[in-house]
Protein chains: 2
Amino acid sequence: MKKEVLKVIKIGGKLIENESKFAEFLNDFVDLEGPKILVHGGGNLATEIAGKLGYKTQMFEGRRITDVDSIKVITMVYGGFINKNIVAKLQGLQTNAIGLSGADGMSIISKKRPVKEVDFGFVGDVQKVNSKFIDSLLKQNITPVFSAISCTEEGLLLNTNGDSVAAEIAKAMSSIYETELYFCFEKKGVLANAEDNDSVIENITRKKYQELLKEKVISDGMLPKLHNCFEALESGVKNICLGDFRLLKKESVYTKISNE
Amino acid sequence: MKKEVLKVIKIGGKLIENESKFAEFLNDFVDLEGPKILVHGGGNLATEIAGKLGYKTQMFEGRRITDVDSIKVITMVYGGFINKNIVAKLQGLQTNAIGLSGADGMSIISKKRPVKEVDFGFVGDVQKVNSKFIDSLLKQNITPVFSAISCTEEGLLLNTNGDSVAAEIAKAMSSIYETELYFCFEKKGVLANAEDNDSVIENITRKKYQELLKEKVISDGMLPKLHNCFEALESGVKNICLGDFRLLKKESVYTKISNE
C-alpha cells in the first residue's frame, strides 16, 4: 500500500520576524493538503530579550554558548512566546495545531553535547523522535508546531539546532509516511554565487553535490544544511526542497535535493 | 458502569517559586495513581521579567490590566518557561506529560472579557473545554499540564484565571470521568480566622457555606474560589479539596467541599 505523504516544514527565525512575509507563508501553510508538521527557529528576539534582561551572550568562534540564562530565555521566547503565537494564528486560520517542545510527550529526546575543548552548555543532539506520539496527533488532524528545544531522559531542556530537529522528525516519520522536508529561509535556494540571490541551483543530486563540494561552490553556512539533507535522504526521506517564504507555492525558483 | 476517577490539580504560583516545597509536591503528584491533569499559575516571575523589560504593570482597583506587553510576558513566562520546566521535571520523574495553553488543540476556548467601566485588556472567560482532545491524551497515559492561557476562536491568546481554568476543565471532564478537583495554595485550607493558618474548616457543605457567608467568616480572596467550587459541584464535579503543598498526601489538615 502506498504511504500517505507527510510534509515537514522548517522556517527560520528571520521569516517569523517579517510580519507580512510570515502571514503569506502561514496562508500557504494552511492551504497545504494532508498531514504536516511545522518546526520553527527563533530569530533575534531571544537575543534582544536576553540583552534587556541583562544577560550576556557568550560566544566561542562565532558560535553561541547556551548557558543557564540562555536556555531560560530560549524556553521563554521560542518555547513560549513564538510557539504559542504561531499556534494561535493557525487556530485563527482554522487549522488545529499544537505547540510542542521535545519535552512534551517526550517527542524529541536528546543527549547533552559532550564537553570537548569548549562547553557549549545546554545544547542537545537528537537521539530519538517519538513518531508514535506525533502520529497520534496527526491522526486527529492536529498539526504539531515544534520549537527547537529537546529534552534528555533525565528531564533537562536543551537548545537544539532547528534544521536538525526538522530532519530528525522527517527521518523518524518516514517509517509511517512518505516524508517530504522543506527548508524555508532567507535565500531562494542553494546559490551558485552566495552574493547573487538569483543564482539558484535548481536540482542537486548526490553526484552534483560531490561536484559542488570539489569546486568549493557551496558557502560555509550551507554546508551543514546540505550534509543534513543527504543524510535525511539516506534515512528514508523522499524529497527535500529549499527556498524562501514562497517555497510552499512551488511557483518560484527553489532547490530540490534528491539522490538522483 | 462506574466511571474512572480523574484528578484535576491546580497549583498556585507561590508554590512553584518555593523550590523545596514544589519538589515535594511534584513527588506526591507523580505518585498519584490514575489519570490526572495539572493546572499552574505563574507567581511573581512574570511581574519581575516585565519590570526588567521596562514594561509597566497597569492596575485598576488592585486588579492587573493585561495590556499587549503583559500578554507577551505571560505567554513567555507562564506558557513557556514555567510550563516547559514543569513538563521536563515530570519527564525526569518518569511521568509522561505535555504542556498546553488553551490554543494547543483548541483545548480551552474563551471569549475576551467585554469592556465595561474598565478595559482589562487581553483577559478571557472560558467558553468551552475540548474534553475529547484532553481525553485522547489521558488515554495515552500522558498528563496534561496547563498554563492559564486560553484562546479565542479567532486565535487571540488571553490571560485567564487559573482557578477558573481548573474548574472548567474538571466540569467538562465530568462527562467522561468521576472528577476530583484539588486547589493547592499557600494556606492549609479555608480558614475560620484568616490570621490563623491552623483554623482550617475541614468540611464545607452547601449549608455550611451559606452560614459562613452570613457570618462573614470567609475572607475576600476566598469568596470567588468558593463560589467556583460550588458551581463546579453543581456541574458534576464529585469532590473538591483545598490545602497547601502537602494536600495530595491527604495526611495533613485540609478543607473538603461537598454538596452535603
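Through which surface do the copies meet, as judged from the interface residues of chain A and chain B? In this predicted model, 100% of the interface residues of chain A are also interface residues in chain B, so the copies meet through the same surface.

**Figure 1. Symmetry relating chain A and chain B in the predicted model.** A turn of 180 degrees with a shift of 0.0 Å along the axis lays chain A on chain B, with an RMSD of 0.0 Å. The two copies are thus related as by a two-fold rotation axis. A:Gly80 has the C-alpha nearest the axis in chain A, at 1.7 Å from it.

**Figure 2. The open sheet of chain A.** Eight strands with mixed pairing follow the order β5-β8-β2-β1-β11-β13-β14-β12 in chain A. The edges are formed by β5 (97-100) and β12 (203-204) of chain A; each has a single partner strand, so one side of each is left without a neighbour in the sheet. Strands β11 (residues 178-184) and β13 (residues 239-243) of chain A run parallel and are joined by five bridges. In this region A:Cys184 stands opposite A:Gly243 of β13(A).

**Figure 3. Helix α5 on the sheet of chain A.** Helix α5 (residues 131-138) of chain A lies across β1 (5-11), β2 (36-40), β5 and β8 (143-147) of chain A. The helix runs at about 135 degrees to β8(A).

**Figure 4. Edge strand and helix α8 in chain B.** The open sheet of chain B has eight strands in the order β5-β8-β2-β1-β11-β13-β14-β12, with mixed pairing. At its edges stand β5 (97-100) and β12 (203-204) of chain B, each with a single partner strand, so one side of each lacks a neighbour in the sheet. β5(B) pairs with strand β8 (residues 143-147) of chain B in the parallel sense over four bridges, and B:Ile98 stands opposite B:Pro144 in β8(B). Helix α8 (residues 222-234) of chain B lies across β11 (178-184), β12, β13 (239-243) and β14 (255-257) of chain B, at about 160 degrees to β13(B).

**Figure 5. Cysteine environments in chain A and chain B.** The structure holds zero disulfides over all chains. The closest cysteine sulfur to that of B:Cys184 is in B:Cys241, 9.5 Å away and too far for a bond. B:Cys184 counts as buried, at 2% relative accessibility. A:Cys151 also counts as buried, at 0% relative accessibility.

**Figure 6. The annotated domain of chain A.** An unreviewed UniProt entry carries the annotation "domain: Aspartate/glutamate/uridylate kinase" for residues 7-241 of chain A. Over residues 7-241 the chain is 40% helix and 23% strand, and the end C-alpha atoms are 11 Å apart.

Note on methods: Residues numbered from 1 in each chain as written. Chains lettered and ligands numbered in written order. Predicted model: local features only at pLDDT ≥ 70, side-chain atom pairs only at ≥ 80, totals over all residues. Heavy atoms only, no water. Pairing = 2+ DSSP bridges. Helix = DSSP H or I, 4+ residues; strand = E, 2+ residues; numbered from the N terminus. Contact = heavy atoms within 4.5 Å. Axes fitted to C-alpha atoms, helices over the stretch in contact; angles between N-to-C directions. Least-squares fit on C-alpha atoms with pLDDT ≥ 70 in both. Disulfide = S-S within 2.5 Å. Buried < 20%, exposed > 50% of the residue type's maximum accessible area, 1.4 Å probe, protein only. UniProt positions renumbered as here; feature names shortened; annotations may be inferred.
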